[in-house]
Amino acid sequence: MSANKKIYVIVIIVFFIVLGGTFAKRYLFAPEISLKELKIETLSGEPFNLGNAKNRVVVLNFWATWCQPCVQEMPMFDNMHESLKGQDVEFVLVSDESAGRISSFVQRKGFTSPIYRLSEKMKTYGVYTIPVTYIFDKKGVLVGKKLGIFQSADEMQQMIQPYL
């Protein structure tokens, strides 16, 4: 093989390694998120301040109406929200779709978990793959994250329980 062909092959290999690393970073790992940086609003357009969740465990879930795995796990969030009522936990399910689309979807499906809207696109926060769930302890420190759906309510409970 000539020197030029070897260089060409090396360049192609490096290109695919870099491309693969970028893909993996974006789509296979949940990025670090800070509660303070999130801009969230109610479906009626009022700002929602996660600072009000002090001394509460925050379960933050990024989802979308078109995402079948997201929709599949929504009943688990509803059940967990109901079973942990009265405990120091705040469920915050966010989508970056329009408030009208989210509201219509939630009403049609009958979900009861607290649903909010991101004021910015998910990718602003480095979120490219959904569903993704973050658990923050009572001090607002990120203590767990789950990329993809929860397989059971028990799995979700085990992730939340140590911080209550």
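These are my notebook entries on a disulfide, several salt bridges and two aspartates in this structure, which is a predicted model.

**Entry: the disulfide**

I began with the cysteines, and a search of the whole structure returned one disulfide. The partners are cysteine 67 and cysteine 70, whose sulfur atoms lie 2.4 Å apart. I noted the handedness as well: the link of cysteine 67 and cysteine 70 is right-handed, with 75 degrees about the S-S bond. I then looked up accessibility for each partner and found cysteine 67 buried at a relative accessible area of 4%, while cysteine 70 is buried at 0%.

**Entry: salt bridges**

I searched the whole structure for salt bridges and recorded seven. I wrote out three pairs, beginning with lysine 39 and glutamate 120, whose side chains meet at 3.8 Å, N to O. Lysine 39 sits in the loop between α1 (3–27) and β1 (40–41) and glutamate 120 in the loop between β5 (115–118) and β6 (132–136), so this pair ties together parts that are 81 residues apart in sequence. Both ends came out as partly exposed, lysine 39 with a relative accessible area of 46% and glutamate 120 with 26%.

My next pair was glutamate 90 and arginine 56, which form a salt bridge at 3.2 Å, N to O. Here too distant parts of the chain are linked, since glutamate 90 belongs to strand β4 and arginine 56 to the loop between β2 (47–48) and β3 (57–62), 34 residues apart. In this pair glutamate 90 counts as buried at 18% relative accessibility, whereas arginine 56 counts as partly exposed at 25%.

The last pair I wrote down is arginine 101 with glutamate 97, a salt bridge of 2.9 Å, N to O. I found arginine 101 partly exposed, with a relative accessible area of 46%, and glutamate 97 buried, with 9%.

**Entry: aspartate 96**

Which side chain of opposite charge is nearest to aspartate 96? I found that this residue is buried yet has no salt bridge, and that the nearest such side chain is that of lysine 121, 4.5 Å away. The salt-bridge cut-off is 4 Å, so I could not enter this pair among the bridges. I located aspartate 96 in the loop between β4 (89–95) and α3 (99–109). What its side chain does reach is the backbone nitrogen of methionine 122, at 2.9 Å. Not counting residues up to four places away in sequence, I listed Arg117, Leu118, Glu120, Lys121 and Met122 as the residues that aspartate 96 touches. Glu120 in that list is the glutamate I had already recorded in a salt bridge with lysine 39.

**Entry: aspartate 88**

I closed with aspartate 88, which I placed in the loop between α2 (68–83) and β4 and found to be partly exposed, with a relative accessible area of 36%. Leaving aside neighbours within four places in sequence, I recorded contacts of aspartate 88 with Asn55, Arg56, Val57, Lys138 and Leu164. With lysine 138 there is a polar contact of 3.4 Å between the side chains. I also checked the separation from leucine 164: aspartate 88 and leucine 164 are 76 residues apart in sequence but 6.3 Å apart in space, C-alpha to C-alpha. Arg56, among the contacts of aspartate 88, is the arginine I had entered as the salt-bridge partner of glutamate 90.

Methods: Residues are numbered from 1 along each chain as its sequence is written. This is a predicted model: local features need pLDDT of at least 70, side-chain atom pairs count only at pLDDT 80 or more; totals for chains, interfaces and linings use all residues. Side-chain values use heavy atoms; hydrogens and water are left out. Helices (H or I, at least four residues) and strands (E, at least two) are DSSP runs, numbered from the N terminus. Buried means under 20% relative accessible area, exposed over 50%, partly exposed in between (1.4 Å probe, protein chains only). Lys and Arg count as positive and Asp and Glu as negative; His and the chain ends are not counted. A polar contact is a pair of N or O atoms within 3.5 Å; within protein, one must be able to donate a hydrogen and the other to accept it, and residues adjacent in sequence count only if both atoms are side-chain atoms. Contact means heavy atoms within 4.5 Å. A disulfide is a pair of cysteine sulfur atoms within 2.5 Å.
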